[in-house]
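Here are a few exercises to work through with the structure open beside you. Try each task before reading its solution.

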Amino acid sequence: MATHAYEIRVVGSLGPAARGAFADADIEVEPTATVISARLDQAALHALLDQVRALGLELIDIKQFPDLSG
């Protein structure tokens with residue numbers, strides 16, 4: 001299954017437990033949001049979004065970036 005680079009933005013900053021839930025992703029804290037970046041296939045994207053929902057995080061935005069490898 002093909003993978004794509006995604007950026008998922010949620011409200012606020014993540015504590016240690018929430019950061020642990022996204023251990024395979026890059027996390028960047030901004031003043032009012034946290035950006036979770038990862039290269040994912042569709043199943044992994046849905047699993048990550050399930051984690052966002054399970055942790056009660058408020059989703060702001062999801063971006064898929066074009067594949068620049070070729």
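**Exercise 1. Work out where Glu7 sits and what its side chain pairs with.**

Start with the side chain: a polar contact of 3.1 Å joins it to the side chain of Arg9. Keep in mind that this is a predicted model.

Next, check what kind of contact this is. A salt bridge needs a side-chain nitrogen of Lys or Arg within 4 Å of a carboxyl oxygen of Asp or Glu. Glu7 and Arg9 do form one, at 3.1 Å from N to O.

Now place Glu7 in the fold: it belongs to strand S1, residues 4-11. Its relative accessibility is 18%, and buried means under 20%, so Glu7 counts as buried. Arg9 is also at 18% relative accessibility and therefore buried.

Finally, look at the surroundings. Leaving out residues up to four places away in sequence, Glu7 touches Val35, Ile36, Ser37, Asp61, Ile62, Lys63 and Phe65.

**Exercise 2. Follow the charges outward from Arg9, then find a salt bridge inside a helix.**

Arg9 has another partner: its side chain meets that of Glu30 in a salt bridge of 2.5 Å, N to O. Arg9 is in strand S1 while Glu30 is in the loop between S2 and S3, so this pair ties together parts that are 21 residues apart in sequence. Glu30 has 28% relative accessibility, which is why it counts as partly exposed.

Put the pieces together and you get a salt-bridge network linking Glu7, Arg9 and Glu30.

For the helix, go to Arg53 and Asp50, whose side chains meet in a salt bridge of 2.7 Å, N to O. Both lie in helix H2, 3 residues apart, or about one turn of the helix. Arg53 is exposed, with a relative accessible area of 62%, whereas Asp50, at 38%, is partly exposed. The total count is 3 salt bridges.

**Exercise 3. Write down the strand order of the sheet and say which strands stand at its edges.**

The sheet is open, with 4 strands in the order S2-S3-S1-S4 and antiparallel pairing. Strand S2 (26-29) and strand S4 (59-65) each have a single partner strand, so one side of each is left without a neighbour in the sheet. On average, neighbouring strands are turned by 15° against each other, direction ignored.

Now zoom in on one pair. S2 and strand S3 (residues 33-40) run antiparallel and are joined by 4 bridges. Glu28 has Val35 as its bridge partner in S3, and Ile27 has Ile36. The two strands make a hairpin with 3 residues between them. Pro31 is in that loop, and its 86% relative accessibility makes it count as exposed.

**Exercise 4. Which elements give two or more residues to the largest nonpolar core?**

First, find the core itself: it has 14 residues, and among those with the most contacts inside it are Ile8, Leu14, Phe22 and Ile36. The elements giving two or more residues are S1, S3 and H2. H2 gives the most, with 4 residues.

Take Leu14 as a sample. Setting aside neighbours within four places in sequence, Leu14 contacts Arg19, Phe22, Ile27, Thr34, Ile36 and Leu57.

**Exercise 5. Is Ala54 buried or exposed, and how far is its C-alpha from that of Pro31?**

Ala54 is in helix H2, residues 42-54. Its relative accessibility is 63%, so Ala54 counts as exposed. Its C-alpha is 23 Å from that of Pro31, with their positions 23 residues apart along the chain.

Terms used: Residues numbered from 1 in each chain as written. Predicted model: local features only at pLDDT ≥ 70, side-chain atom pairs only at ≥ 80, totals over all residues. Heavy atoms only, no water. Buried < 20%, exposed > 50% of the residue type's maximum accessible area, 1.4 Å probe, protein only. Polar contact = N/O pair within 3.5 Å; in protein donor to acceptor, adjacent residues only side chain to side chain. Contact = heavy atoms within 4.5 Å. Pairing = 2+ DSSP bridges. Axes fitted to C-alpha atoms, helices over the stretch in contact; angles between N-to-C directions. Core = buried A, V, L, I, M, F, W, Y, C linked by side-chain atoms within 4.5 Å.
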